[in-house]
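Q: Hi! I have this one open on my screen and would like to talk it through with you. Could we start with the charged pairs?

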Amino acid sequence: MKITRQKHAKKHLGFFRNNFGVREPYQILLDGTFCQAALRGRIQLREQLPRYLMGETQLCTTRCVLKELETLGKDLYGAKLIAQKSQVRNCPHFKNPVSGSECLLSMVEEGNPHHYFVATQDQNLSMKVKKKPGVPLMFIIQNTIVLDKPSPKTIAFVKAVESGQLVSVHEKQSIKQLKEEKGLVKNPEQRRRKKHKKVSGPNPLSCLKKKKKAQDTKSSASEKKRKRRRIRNRSTSKVLSEKQNAE
C-alpha cells in the first residue's frame, strides 16, 4: 500500500514539475486543520513529508493562520505549536488579518508563482484550491499523508496550453529570462544602476581651469607692478646723475 501511494505521489509530482515548474524544496503551506490532523494521527511532518514526496520540503504558514489558531483557544494549542515551528511567509494582510483559508487562497493567486502546496482538511478550501490551476493539494486520510491528483481545472489548463490557446506562468517566466539573457529586454536592475550613474552639479575639471585663470591674472598683475617699479627706479637714478653732473 505504501509503495503504490508513493508511486501516485511521484506521478503527480512529475505532472506539476513538467507543466508548472514545481521544484525542490517543495514549499507546503499548512493551515490549522492540517496541523490538528497531524497531531491526532501522531504524524511527524518534518520526517514523513520528505519521505513521501521523495525530496526536500519546507513547512510554511502565514501570520493569519497563527492568529486564527491563537483566537481558537486551548483546543488547538498543539496545532498552534506545530504551525509556529514552520516558516512564516509574508501575506498581504499584515495590518488587517483574515481567516486562514482566505489567506492561503491569496498566497496562490496569479498562477501560484511561488509553487506553493496547500495542505488542509477544510473541504471548502479544498474545493476553491481545485479551481485554481497549478496548485498541488495535500490532505491527511486514515493517518496518512496524501497528495491529491491534478484537478480537472488543472488538466484543462494544461491541455489549453498544449494546444496553444494559453501560456502558462512557468513558460512566461522562462521566455522573460531568455529575452533578458539575449539583451532583448533590459533588466530593471540595470536601469536603476544607470540612473545612479548620472552626475549632478558642475564638472570639477572646469572648476580647476577657472582657478588656473585666476592665478594667471594675479601673476600678470604682479609682473606689471614690478615693471612699473623698475621704470620708476630708472627715472630716479637718471635725475640723480644729472644733478651730480651739474654740480
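Q: How many salt bridges turn up in a search of the whole structure?
A: Two. Keep in mind that this is a predicted model.

Q: What does K132 pair with?
A: K132 forms a salt bridge with E109, and their closest N and O atoms are 3.0 Å apart. The pair links distant parts of the chain, 23 residues apart: K132 is in the loop between α7 and β5, while E109 is in the loop between α6 and β4.

Q: Is E109 buried or exposed?
A: In between: E109 has 37% relative accessibility, so it counts as partly exposed.

Q: And which residue does D148 bridge to?
A: That one is K130, with the closest N and O atoms 3.6 Å apart. D148 sits in the loop between β6 and α8 (152–162) and K130 in helix α7, so this bridge ties together parts 18 residues apart in sequence.

Q: How accessible are those two, D148 and K130?
A: D148 has a relative accessible area of 17%, which is under the 20% cut-off, so it is buried. K130 is at 32% relative accessibility and counts as partly exposed.

Q: Switching to holes now. How many cavities of 30 Å³ or more are there?
A: The structure holds one. About 70 Å³ of space lies in the largest cavity.

Q: Which residues line the largest cavity?
A: The lining is made up of F16, V129, K130, K132, V135, P136, L137, D148, K149, P150, S151 and T154. You'll recognise K130 and D148 from the salt bridge they form, and K132 from its bridge with E109.

Q: How does that lining divide into nonpolar, polar and charged?
A: Six of the residues are nonpolar, two are polar and four are charged.

Q: OK, on to the nonpolar core. Which residues touch the most other members of the largest one?
A: L45 and M138, in a core of 49 residues. In soluble globular proteins, nonpolar side chains tend to be buried together.

Q: What is L45 in contact with, leaving aside its neighbours within four places in sequence?
A: L45 is in contact with L30, F34, A38, P50, L59, I82 and I145.

Q: Which residues of α6 are buried?
A: G100, C103, L104, L105 and M107. What covers them includes β1, β2 (57–62), α4 (63–72), β3 (87–89), β4 and α7 (123–130).

Q: Now some backbone oddities. Where is there a cis peptide bond?
A: A cis peptide bond joins E24 and P25, with omega at about -10°. P25 is in the loop between α1 (2–20) and β1 (26–30).

Q: Which residues have a positive phi without being glycine, say H115 or N143?
A: H115 has a phi of about 60° and is not a glycine. N143 also has a positive phi of about 60°, again without being a glycine.

Q: Where do I find them, H115 and N143?
A: H115 is in the loop between α6 (100–107) and β4 (116–119). N143 is in the loop between β5 (137–141) and β6 (144–147).

Q: Is H115 buried or exposed?
A: H115 is buried, with a relative accessible area of 10%.

Q: Last one, the big picture: how many helices and strands does the protein have?
A: There are 11 helices and six strands. The protein has 247 residues, and 32% of them count as buried. Of the contacts with a separation of 6 or more, 66% come from residues 24 or more positions apart.

Terms used: Residues are numbered from 1 along each chain as its sequence is written. This is a predicted model: local features need pLDDT of at least 70, side-chain atom pairs count only at pLDDT 80 or more; totals for chains, interfaces and linings use all residues. Side-chain values use heavy atoms; hydrogens and water are left out. On a 1 Å grid over the protein atoms alone, a cavity is a set of points where a 1.4 Å probe fits but cannot get out, and a pocket is an open set with protein on both sides within 12 Å along at least five of seven lines; lining residues have an atom within 4 Å of a point. Grid points are joined across faces, edges and corners, and a volume is the space filled by probe spheres set on the points. Ala, Val, Leu, Ile, Met, Phe, Trp, Tyr, Cys and Pro count as nonpolar, Asp, Glu, Lys and Arg as charged, and the others, Gly among them, as polar. A nonpolar core is a set of buried Ala, Val, Leu, Ile, Met, Phe, Trp, Tyr and Cys residues joined through side-chain atoms within 4.5 Å. Buried means under 20% relative accessible area, exposed over 50%, partly exposed in between (1.4 Å probe, protein chains only). Contact means heavy atoms within 4.5 Å. Helices (H or I, at least four residues) and strands (E, at least two) are DSSP runs, numbered from the N terminus. A salt bridge is a side-chain nitrogen of Lys or Arg within 4 Å of a carboxyl oxygen of Asp or Glu.
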